[in-house]
Amino acid sequence: MRPTILILGGTTEAAELAKHLASLPLRVITSLAGRTRDPARLHGEVRSGGFGGAEGLARYIEAEGISIVVDATHPYAMRISPNAARAAELAGRPIIRLERPAWRKTEGDDWQEVTSLEEAVKAIPPGARVLLALGRQHIAVFAGRSDVHFVVRMIDPPEAPLDLTSHELVLARPGKAEDEEAFLKERRITHIVCRNSGGTASYAKLEAARKLKIPVILIARPPQNFANAVGDVKAVLAFIAAQAGLRTA
Ligand SMILES: NC(=O)c1ccc[n+]([C@@H]2O[C@H](COP(=O)([O-])OP(=O)(O)OC[C@H]3O[C@@H](n4cnc5c(N)ncnc54)[C@H](OP(=O)(O)O)[C@@H]3O)[C@@H](O)[C@H]2O)c1
């Protein structure tokens, strides 16, 4: 029987991994939380929605005969990773964590690193024009800053109107560095608030900020402990090949 791989996904790395695994003699299931309205097509099988905590996930692992669990969820997804580690332990299956490396400050970056959204709120100076590059569930905490103009950029529209005194909403994906530069200039942005997501898709705004000397208030990743963590898809493929006894090129 083909080994079955469960990818806990919702990230570009998870999609990339599913694509690579599609050519191997494996059954591949990607699990999504089900929050994105129109998720991109993925290789292999896809399931959607929560499992009901670590115990629920352990039951799913048993029921589907999962051989290896890959936790490729987002660095800021706080609950699913500990649940996955516990579930794999309960079910007695190997687990590997795939986490894209965090961005590192480089010459010319003006970054203020904070550890929470609340700290980010306090770090904004009065009268600033801020690009809030955060998901819709992270905006409400900025409501008290009526002295600040927010440009809120997100991919999916918020379910309810944003509770910010002075703001504009831009529904768009991040662009290339030159597009980001134009965007920051056009809207006279003085500060950016974002998270240290890592990867290339949303790094362009930080390159543009460096060029325009715009300060960035960067919300650090939550600390998590992973017994078996790697930073790229290649390392996961090697782990799966070794565990499943596959020969790879
Ligand atoms: N947090 C972010 O900023 C962010 C950004 C981009 C993508 N994502 C992706 O969006 C998903 C949800 O993020 P979140 O921050 O809400 O996560 P979370 O707080 O860690 O998870 C909350 C609950 O959602 C369910 N869940 C999360 N990821 C799941 C998955 N891949 N498959 C099935 N159920 C899942 C679990 O429910 P049960 O306990 O019922 O199993 C989990 O306890 C994650 O898969 C993550 O990779 C998150």
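**Exercise 1. A glutamate between two helices**

Leaving aside its neighbours within four places in sequence, which residues is Glu 181 in contact with? Work this out on the predicted model shown above, then describe the salt bridges of Glu 181.

*Solution.*

Step 1. Start by placing the residue. Glu 181 belongs to helix α5, which covers residues 177-186.

Step 2. Next, list the partners. Once the neighbours within four places in sequence are set aside, Glu 181 touches Ala 208, Lys 211 and Leu 212.

Step 3. Check the burial. Glu 181 has a relative accessibility of 14%, and because buried means under 20%, this residue falls in that class.

Step 4. Look along the helix. Glu 181 makes a salt bridge with the side chain of Lys 185, at 3.7 Å from N to O. These two residues sit four apart within helix α5, about one turn of the helix.

Step 5. Now look across to another helix. Glu 181 also forms a salt bridge with Lys 211, whose closest N and O atoms are 3.4 Å apart. This pair links distant parts of the chain, since Lys 211 is in helix α6 and Glu 181 in helix α5, 30 residues apart. Lys 211 itself is exposed, at 58% relative accessible area, whereas Glu 181 is buried.

**Exercise 2. Salt bridges in the wider structure**

How many salt bridges does the count come to? Pick out the one between Arg 210 and Asp 109 and explain what it ties together.

*Solution.*

Step 1. The count comes to 17 salt bridges.

Step 2. In the chosen pair, the closest N and O atoms of Arg 210 and Asp 109 are 2.8 Å apart. Arg 210 is part of helix α6 (residues 204-212), while Asp 109 is in the loop between β5 (95-98) and β6 (111-114), so the bridge ties together parts that are 101 residues apart in sequence.

Step 3. Compare the surroundings of the two ends. Asp 109 counts as buried because its relative accessibility is 10%. Arg 210 is partly exposed, at 22%.

Step 4. Finish with a group of residues. A network of salt bridges links Asp 71, Arg 97, Glu 99 and Arg 221.

**Exercise 3. Rings and charges**

How many aromatic pairs does a search of the whole structure find? Classify two of them, then find arginines over rings.

*Solution.*

Step 1. The search gives three aromatic pairs.

Step 2. Take Trp 103 and Tyr 203. Their ring centres are 5.6 Å apart and their planes meet at 45°, so this pair is tilted. Trp 103 comes from the loop between β5 and β6, and Tyr 203 from the loop between β10 (191-195) and α6, so the contact ties together parts that are 100 residues apart in sequence. Both residues are buried, Trp 103 at 9% relative accessibility and Tyr 203 at 18%.

Step 3. Turn to Phe 142 and Phe 150. This aromatic pair is edge-to-face, with 5.7 Å from centre to centre and 65° between the planes. Phe 142 is buried at 0% relative accessibility, and Phe 150 is buried at 0% too.

Step 4. Now for the charges. Arg 47 has its charged end over the ring of Tyr 60, 5.2 Å from the ring centre. Over the ring of Phe 183 sits the charged end of Arg 153, at 4.9 Å from the centre.

**Exercise 4. Around the ligand**

How many residues surround the ligand, and which are the closest? Describe three of the atom pairs involved.

*Solution.*

Step 1. The ligand is surrounded by 21 residues, the closest being Ser 31, Arg 35, Phe 51, Arg 79 and Arg 195.

Step 2. Begin with the side chains. Ser 31 places a polar side-chain atom 2.7 Å from a ligand nitrogen. For Arg 35, an N or O atom of the side chain is 2.7 Å from an oxygen atom of the ligand.

Step 3. Add a backbone example. Gly 49 has a backbone N or O atom 3.5 Å from a nitrogen atom of the ligand.

**Exercise 5. A distance check**

Is Glu 118 buried, exposed or partly exposed, and how far apart in space are Glu 118 and Tyr 76, C-alpha to C-alpha?

*Solution.*

Step 1. Find Glu 118 in helix α4, residues 117-123.

Step 2. With a relative accessible area of 46%, Glu 118 is partly exposed.

Step 3. Glu 118 and Tyr 76 are 15 Å apart, C-alpha to C-alpha, and 42 residues apart in sequence.

Definitions and conventions. Residues numbered from 1 in each chain as written. Predicted model: local features only at pLDDT ≥ 70, side-chain atom pairs only at ≥ 80, totals over all residues. Heavy atoms only, no water. Buried < 20%, exposed > 50% of the residue type's maximum accessible area, 1.4 Å probe, protein only. Contact = heavy atoms within 4.5 Å. Salt bridge = Lys/Arg side-chain N within 4 Å of Asp/Glu carboxyl O. Phe/Tyr/Trp six-rings, centres within 6.5 Å; stacked < 30°, edge-to-face > 60°. Lys NZ or Arg CZ within 6 Å of the ring centre and 35° of its normal. Near = heavy atom within 4 Å. Polar contact = N/O pair within 3.5 Å; in protein donor to acceptor, adjacent residues only side chain to side chain.
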